[in-house]
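Please find below my comments on the model, set out as numbered points. They move from the chain as a whole to individual residues.

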Amino acid sequence: MSPAGPAPRPDGWPDPNDRTCDDCGHVWFAGERRHEYADVAAASPEDSDVVCVLCRRQRERPRSEERWAGF
Ligand SMILES: [Zn+2]
């Protein structure tokens, strides 16, 4: 396990890897970048976007750093 670990997921929510990325349409399969819920505080999983980790980083990035640095 990496120190950061996967993003927290509320109990009972389905695996976000089962949904396509809402930003880029990425479809997860074994070995691919994982998907995460964008809003784990949403009332239900359907109310939260699911994004791949790349899109999630882009969403978290401030406007002034829109261009992804690629780390
Ligand atoms: Zn994506």
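1. Among the contacts in this predicted model that span a separation of 6 or more, 39% join residues 24 or more positions apart. Individual pairs that are distant in sequence are taken up in the later points, with their C-alpha separations.

2. The secondary structure of the protein amounts to one helix and two strands, and these elements follow one another along the sequence in the pattern β-β-α. Strand β1 covers 35-37, strand β2 covers residues 50-52, and helix α1 covers residues 53-60.

3. On confidence, the protein has an average pLDDT of 86, with 76% of the residues scoring at least 70. Confidence is highest in β2, at 97, and lowest in α1, where the mean is 93.

4. How much of the protein is buried? Of its 71 residues, 15% fall into that class. The largest nonpolar core holds six residues, namely C21, Y37, V50, V51, C52 and C55, and the largest share of this core, three residues, is supplied by strand β2.

5. Within that core, C55 deserves a closer reading. The residue belongs to helix α1, and it counts as buried because 22 C-beta neighbours lie inside 10 Å, where the cut-off is 20 or more. Leaving aside residues up to four places away in sequence, C55 touches C21, D23 and C24; C21 is itself a member of the core. C55 also lies 9.5 Å from A38, C-alpha to C-alpha, although the two are 17 residues apart in sequence.

6. Which residues does V51 touch, not counting those up to four places away in sequence? The contacts are with C21, D22, D23, H35, E36, A38, R56 and R59. V51 is, like C21, one of the core residues, so the set can be read alongside the contacts of C55, which include C21 and D23.

7. Turning to the segment before β1, W13 is placed there and counts as partly exposed, because its C-beta neighbours inside 10 Å number 14, which lies between the limits of 12 for exposed and 20 for buried. With residues up to four places away in sequence set aside, W13 touches Y37 and P45, and Y37 is a member of the largest nonpolar core. The C-alpha atoms of W13 and V40 are 9.5 Å apart in space, with their positions 27 residues apart in sequence.

8. Is P14, also in the segment before β1, buried or exposed? P14 counts as exposed, because it has 12 C-beta neighbours inside 10 Å and the exposed class takes residues with 12 or fewer. The C-alpha atom of P14 is nevertheless separated by 7.5 Å from that of P45, a residue 31 residues apart along the chain; P45 is also touched by W13.

9. R34 likewise lies in the segment before β1, and with 13 C-beta neighbours inside 10 Å it counts as partly exposed. R34 and L54 are 20 residues apart in sequence, while their C-alpha atoms are 9.1 Å apart in space.

Notes. Residues numbered from 1 in each chain as written. Predicted model: local features only at pLDDT ≥ 70, side-chain atom pairs only at ≥ 80, totals over all residues. Helix = DSSP H or I, 4+ residues; strand = E, 2+ residues; numbered from the N terminus. Contact = placed C-beta atoms within 7 Å. Core = buried A, V, L, I, M, F, W, Y, C linked by C-beta atoms within 7 Å. pLDDT = per-residue confidence, 0-100.
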